[in-house]
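This report describes the enclosed spaces, the metal site and the backbone features of the model shown below.

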Amino acid sequence: MSRITLTKPDDWHIHLRDGAMLNRTVNDVAAWANRAVVMPNLTPPVKTLDDATAYRERIMSAFTGSSNFEPLMTLYLTDSTTPAIIEEAAKSPFVCGVKLYPAGATTNSAAGVTGLESLKPTLAAMEACGLPLLVHGEVTDHDIDIFDREAVFIERILAPLVDEFPKLRVILEHITTKDSVDFVESARNGVAATITPQHLLFDRNDMLVGGIRPHLFCLPILKRNLHKEALRAAAISGNPKFFLGTDSAPHTLETKESACGCAGCYTAHAALPFYAEVFDEEGALDKLEGFASHFGPDFYGKARNSEQVTLVKEDNPSPLSLSFGESTVAPLRAGETLSWRLESTE
Ligand code: DOR
Ligand code: ZN
């Protein structure tokens, strides 16, 4: 197959940032996705419906396209998120979830949650209102190795949480391990996971053998090859619990290529070619539409898109860098040739 037409996808996990960066981030994702679930980890974070409303307006002002584009907003769960904040947000048509960052786990997570015990009434309110919990699934304890942090999070935090709130809808974001695949597969209904392009394309050897490649550094960190293979198997399985979420997260060239580089890969400009390459390599292009366009809206209880996109298999040179106003970002696989290209959206 050298051409494939799909229902237009959505991105169920993306970082659009703010200010001048919005001009590119918003239009890059809107070129191939109708909806995007926007992460709230700004400084300061998006904590209330008012914050989300204002942020959404800034996003829509940066959107210059003529297609439909609908940012779905998330609130940042903090130790002081009250049930009243949840109840107010749940009434909004554009707030689609609440994001749990364990404090210190990743970029702009300092305001994240230090413990779930005191948040039980808030989680109960989410369960009652049907507002999903989006989870960055890593523990932050110093004694837990960075490569084990996702698996330990499942065991210590997520499995008990999913049991304690049996109706809470939970999305384990950007999964990176076989442990997560196994957990989500066997979990009760209402538990799902998103998978990024970088975790399907690369393993930790790609990042570290022969020199350290900071542009492959993201969180949760790339794992060993067996985990990448488990993620690929999950993505192409046709199991509706696994769907597309790019975690596209721009950082400037200087902050990536640094003695203490930032975590995040920018993929919004070419996300569908990245995913198509993986599904093609796996001989599973027929499973791409479910993963990219059906299972996400089904899980979130939204209508599938009616538009379509077409991808063609042909050389697609990826830029060395992208300009973001005053700054420069090196996207994932900068300077390489991708094997698929987005031909049209209609
Ligand atoms: O690699 C990442 N970058 N992982 C995250 O969880 C956050 C993101 C960011 O905001 O840069
Ligand atoms: Zn993210």
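## Cavities, zinc site and backbone geometry

The second largest cavity has a volume of about 30 Å³. This description rests on a predicted model. The lining of the second largest cavity is formed by Thr176, His199, Phe202, Leu222, Lys223, His227, Lys228 and Leu231. Helix H9 (residues 225-235) supplies the largest share of that lining, with three residues. Sorted by class, three of the lining residues are nonpolar, three are polar and two are charged.

In total, the structure holds two cavities of 30 Å³ or more. The largest cavity contains about 130 Å³ of space. Its lining comprises 19 residues, and those nearest the centre are His15, Thr106, Leu219, Asp247 and Ala263. Ten residues of the lining of the largest cavity are polar, six are nonpolar and three are charged.

**The zinc site**

Which residues coordinate the zinc ion (ligand 2)? The donors are His13 (NE2), His15 (NE2) and Asp247 (OD), at 1.9 to 2.1 Å. Along the sequence, the donor residues follow the spacing H-x1-H-x231-D.

The UniProt record, an unreviewed entry, places the feature "binding site" at His13, His15, Lys99 and Asp247. These positions are spread over 235 residues of sequence, yet they cluster in space, with a largest C-alpha distance of 13.1 Å. The lining of the largest cavity takes in His13, His15, Lys99 and Asp247 from this set.

The annotated positions can be set out by location and accessibility.

| Residue | Location | Relative accessible area |
|---|---|---|
| His13 | strand E2 | 0% |
| His15 | loop between E2 and H1 | 7% |
| Lys99 | strand E5 (residues 95-100) | 0% |
| Asp247 | loop between strand E9 (242-244) and helix H10 (253-256) | 5% |

Is His13 buried or exposed? His13 counts as buried because its relative accessibility is 0%, under the 20% limit for that class. His15 likewise counts as buried, at 7%. Asp247 is buried as well, since its relative accessible area is 5%.

Contacts beyond the neighbouring sequence positions link these residues. Not counting residues up to four places away in sequence, His13 touches Val37, Met39, Lys99, Glu173, His174, Gly245, Thr246, Asp247 and Ser248. With neighbours within four places in sequence left aside, His15 is in contact with Thr25, Met39, Asn41, Tyr101, Asp247, Ser248, Ala249 and Pro250. Asp247 and Met39 thus appear among the contacts of His13 and also among those of His15.

**Lys99 and Thr122**

Lys99 carries a further annotation in the unreviewed UniProt entry, "modified residue: N6-carboxylysine". The residue is buried, with a relative accessible area of 0%. Outside its neighbours within four places in sequence, Lys99 contacts His13, Met39, Pro40, Leu75, Tyr76, Leu77, Leu134, Val135, His136, Glu173 and His174.

Thr122 is situated in helix H4 (residues 120-129). At 2% relative accessibility, Thr122 counts as buried. Its contacts, apart from neighbours within four places in sequence, are Leu77, Thr81, Thr82, Pro83 and Ile86. Leu77 is therefore listed both for Lys99 and for Thr122, the latter being buried at 2% relative accessibility.

**Backbone geometry**

Most residues other than glycine have a negative phi, and most peptide bonds are trans. Against that background, four places in the model deserve a note.

The peptide bond from Thr43 to Pro44 is cis, with omega near -10°. Pro44 belongs to the loop between strand E3 (35-38) and helix H2 (49-62). A cis peptide bond also joins Leu219 and Pro220, where omega is about -5°. Pro220 is part of the loop between helix H8 (204-208) and H9. Leu219 is one of the residues nearest the centre of the largest cavity.

Arg17, although not a glycine, has a positive phi of about 60°. The residue sits in the loop between strand E2 (11-14) and helix H1 (22-30). At 13% relative accessibility, Arg17 counts as buried. Asp247 also has a positive phi of about 60° without being a glycine. This residue is a donor to the zinc ion (ligand 2) and is one of those nearest the centre of the largest cavity.

Definitions and conventions: Residues are numbered from 1 along each chain as its sequence is written. Chains are lettered from A and ligands numbered from 1 in the order in which they are written. This is a predicted model: local features need pLDDT of at least 70, side-chain atom pairs count only at pLDDT 80 or more; totals for chains, interfaces and linings use all residues. Side-chain values use heavy atoms; hydrogens and water are left out. On a 1 Å grid over the protein atoms alone, a cavity is a set of points where a 1.4 Å probe fits but cannot get out, and a pocket is an open set with protein on both sides within 12 Å along at least five of seven lines; lining residues have an atom within 4 Å of a point. Grid points are joined across faces, edges and corners, and a volume is the space filled by probe spheres set on the points. Ala, Val, Leu, Ile, Met, Phe, Trp, Tyr, Cys and Pro count as nonpolar, Asp, Glu, Lys and Arg as charged, and the others, Gly among them, as polar. Helices (H or I, at least four residues) and strands (E, at least two) are DSSP runs, numbered from the N terminus. Donors are N, O and S atoms within 2.8 Å of the metal (3.2 Å for Na, K and Ca); water is not among the atoms, so sites may look incomplete. UniProt positions are given in the numbering used here, feature names are shortened, and annotations may be inferred rather than shown by experiment. Buried means under 20% relative accessible area, exposed over 50%, partly exposed in between (1.4 Å probe, protein chains only). Contact means heavy atoms within 4.5 Å.
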